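Subject: Structure for your review

Dear colleague,

Please find below the structure that I should like to hand over to you. I would be grateful if you could read the notes with the structure open beside them.

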Amino acid sequence: ENGAKNSIIGRGSVLEHCRVECRGRIEIGERCLLSGIRGSLLANDNDGSSPSSSSSFRVPSGICLQLLPLRESTERTSKRRNGARGEAGHSFVCLCFGVEDGIKDAPPKTLFGMDLPWILRMSGLIEDDLWDASVPSSKRMLWNANINPILSSNGDDSNNTEFDFSFLNWIQCLKGLDDGNEGVDSSFHLTPAATMGLKQWREASRISLSEIRRRVDSAAEARYRSSISCKTFEEKRLSGEVSDILLNRRHEPCNFDYIVDFASSSNCTKGVASAVGNALEALDAVASQALTRGDFDIVGRTFMTMSMLLSETSNRGVWLRDEINSGKEGATDKVDRKIVESMKESIAGLQTPELSVEAMTSIASVRSSLLAPQNGSSNAGTVEKCRDFLEKAASAMTERCVSGNAVARKHPPSLTRRTSPVPMGATVTASAPARIDLAGGWSDTPPISYEYGGAVACL
């Protein structure tokens with residue numbers, strides 16, 4: 001998000017669960033794996049200037065980079081070495097190693113995809129910078145090496161915070177040398193940015209891969225990943241897929257599984273309720289557009305889609321999980337009498353010969369009233385009543401589709417006027433299409449028609 005133009009992702013690289021902001025150029029090398037990188041990315045350019053979001057963010061080729069949140073109880077217990085800096089705010093561990101590194105090779109041959117002894121020689125690091133003295137030489141491997149720095153965020157929301165990845169500069173600098181690592185001038189010196197990055201890496205609290213499972217906040221990471229999925233799919237599903245399925249009568253179900261997935265792993269009730277609300281508003285727009293076109297079958301299917309959305313989420317204890325509680329004191333499934341009257345008026349409005357868009361506004365208003373918290377909580381009974389209300393609205397649309405009211409909107413009134421009774425003894429001939437069911441048929445009737453559309457094969 002907000003990334004500069006001309007940013008590149010190298011061949012064979014994979015990015016997953018990433019949501020970043022960087023006003024500078026983003027360069028991902030070849031054969032990289034980036035996971036969970038989030039927030040505003042700070043880096044510094046090769047001139048050694050102070051880190052900023054306007055600087056370029058570069059990941060060397062062949063690097064695995066993953067950002068994971070740490071549990072609060074373990075954030076302040078990192079091993080300190082060489083005067084390591086303290087950790088302020090919520091902390092994340094940044095896993096960083098080469099995609100082809102032998103994690104459990106003893107002794108390790110490579111680090112960051114480069115020859116380990118060569119890295120130590122060129123950077124001035126020693127083995128004690130990587131391993132605790134308690135780890136014997138024969139047991140030293142990348143698995144228990146303290147190579148993964150802890151980065152501190154400046155806020156509780158990891159999506160809107162800043163992370164300084166300047167430590168990558170020294171790795172980038174070494175990776176930029178010849179792959180053979182031979183013939184490098186002994187007078188070689190790191191660039192100012194690389195020197196600053198190496199200093200940042202050495203002074204940071206670092207942990208090993210073997211410590212990750214014990215210290216990472218898996219629940220927080222799951223919530224973050226779900227929030228990305230919901231936000232990413234929401235606009236695409238609502239403005240594209242769902243509207244297209246309904247308005248073009250496509251024989252496919254309207255899929256809102258991203259909301260269920262988000263809610264199943266999220267404790268953010270407001271966030272999930274907002275996702276459901278956005279979906280309902282998008283369906284309101286579809287219903288209004290279909291009504292304007294006189295496509296009452298689409299309006300009815302849209303109402304049923306709303307009902308099924310509420311069913312899918314409430315039955316799984318989702319978006320109202322923390323609010324639906326029938327046993328809570330003061331909770332009731334009784335609906336206010338005024339709302340009941342509004343429900344009746346709204347349904348009656350759908351049955352009038354001249355149907356207007358205001359009827360859609362009335363339906364949405366009643367639905368909002370039914371879903372609004374009562375006595376501080378929403379009740380499962382009122383949600384169920386809201387579903388029933390929407391299904392009645394859908395039935396009213398079905399009635400219009402099979403009655404003269406639907407025809408009256410598109411044809412002269414004379415075609416639907418009632419004629420005088422046929423005299424006794426007269427013969428009347430009438431014609432109508434015959435329905436022949438194939439393998440059961442009836443796929444054009446509810447609920448199938450609401451879930452998948454009403455396409456049928458006719459003879």
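The notes below go from the whole protein to single helices, loops and residues.

Please keep in mind that this is a predicted model.

**The protein as a whole**

The protein contains 14 helices and 14 strands. Of its 459 residues, 45% are buried. If one takes the contacts between residues at least 6 apart in sequence, 68% of them join residues at least 24 apart.

**Helix α11 and its partner α10**

Helix α11 covers residues 358–371 and has 14 residues. At 1.5 Å a residue these should span 20 Å, and the end C-alpha atoms are indeed 20 Å apart, so the expected and the modelled span agree.

Which residues of α11 are buried? They are Ala-359, Met-360, Ile-363, Ala-364, Val-366, Arg-367, Leu-370 and Leu-371. Because these residues cover an arc of only 165° around the axis, they lie on the same side of α11. A general point helps here: an α-helix has 3.6 residues a turn, so residues three or four places apart point the same way. On the face of α11 turned away from the buried side, one finds the exposed residues Glu-358 and Thr-361.

Helix α10, made of residues 337–350, packs with α11: the two axes come within 9 Å and cross at roughly 155°. An angle over 145 degrees counts as roughly antiparallel, and α10 and α11 are therefore roughly antiparallel to each other. The crossing of α10 past α11 is left-handed. From α10, the residues Ile-339, Ser-342, Met-343, Ser-346 and Leu-350 take part in the contact. On the α11 side, they meet Ala-359, Met-360, Ser-362, Ile-363, Val-366, Ser-369 and Leu-370. Some residues of this contact, including Ala-359, Met-360 and Ile-363, also belong to the buried set of α11.

**Backbone features in the loops**

Most residues other than glycine have a negative phi, and most peptide bonds are trans. Three places in this model may be read against that background.

- The peptide bond between Ala-106 and Pro-107 is cis, with omega about 0°. Pro-107 sits in the loop between β9 (91–98) and β10 (110–111).
- Arg-31 is not a glycine, yet its phi is positive, near 55°. Arg-31 belongs to the loop between β4 (26–28) and β5 (33–35), and with a relative accessible area of 43% Arg-31 is partly exposed.
- Phe-112 also has a positive phi, near 60°, in a residue other than glycine. The loop that holds Phe-112 runs between β10 and β11 (114–115). Is Phe-112 buried or exposed? Its relative accessible area is 1%, so Phe-112 is buried.

**Helix α2 and the loop that follows**

Helix α2 (116–123) is largely enclosed by the rest of the structure, because 6 of its 8 residues are buried. These are Leu-116, Trp-118, Ile-119, Leu-120, Met-122 and Ser-123. Among the elements that cover them are β10, β11, α3 (168–175) and α4 (192–203).

Leu-125 lies in the loop between α2 and β12 (148–152). With a relative accessibility of 5%, Leu-125 counts as buried. Beyond its neighbours within four places in sequence, Leu-125 is in contact with Leu-120, Trp-170, Leu-198, Trp-201 and Arg-202. One of these partners, Arg-202, is 77 residues away from Leu-125 in sequence, but their C-alpha atoms are 8.9 Å apart in space.

Trp-170 appears again beside another loop residue, Thr-191: the two are 21 residues apart in sequence and 8.1 Å apart from C-alpha to C-alpha. Thr-191 is located in the loop between α3 and α4. With a relative accessible area of 29%, Thr-191 is partly exposed.

**A residue in strand β8**

Finally, Gln-66 is part of strand β8, residues 63–69. The cut-off for a buried residue is under 20% relative accessible area, and Gln-66 is therefore buried at 18%. Leaving out residues up to four places away in sequence, Gln-66 touches Ser-35, Ile-37, Val-93, Cys-94, Leu-95 and Arg-225. Of these partners, Ser-35 falls within β5 (33–35), while Val-93, Cys-94 and Leu-95 fall within β9 (91–98).

Yours sincerely,

A colleague

How values were computed: Residues numbered from 1 in each chain as written. Predicted model: local features only at pLDDT ≥ 70, side-chain atom pairs only at ≥ 80, totals over all residues. Heavy atoms only, no water. Helix = DSSP H or I, 4+ residues; strand = E, 2+ residues; numbered from the N terminus. Expected span 1.5 Å × (residues − 1). Buried < 20%, exposed > 50% of the residue type's maximum accessible area, 1.4 Å probe, protein only. Arc of directions from axis to C-beta. Axes fitted to C-alpha atoms, helices over the stretch in contact; angles between N-to-C directions. Parallel < 35°, antiparallel > 145°, perpendicular 65-115°, else oblique. Left-handed = near helix turned anticlockwise from the far one by under 90°. Contact = heavy atoms within 4.5 Å.
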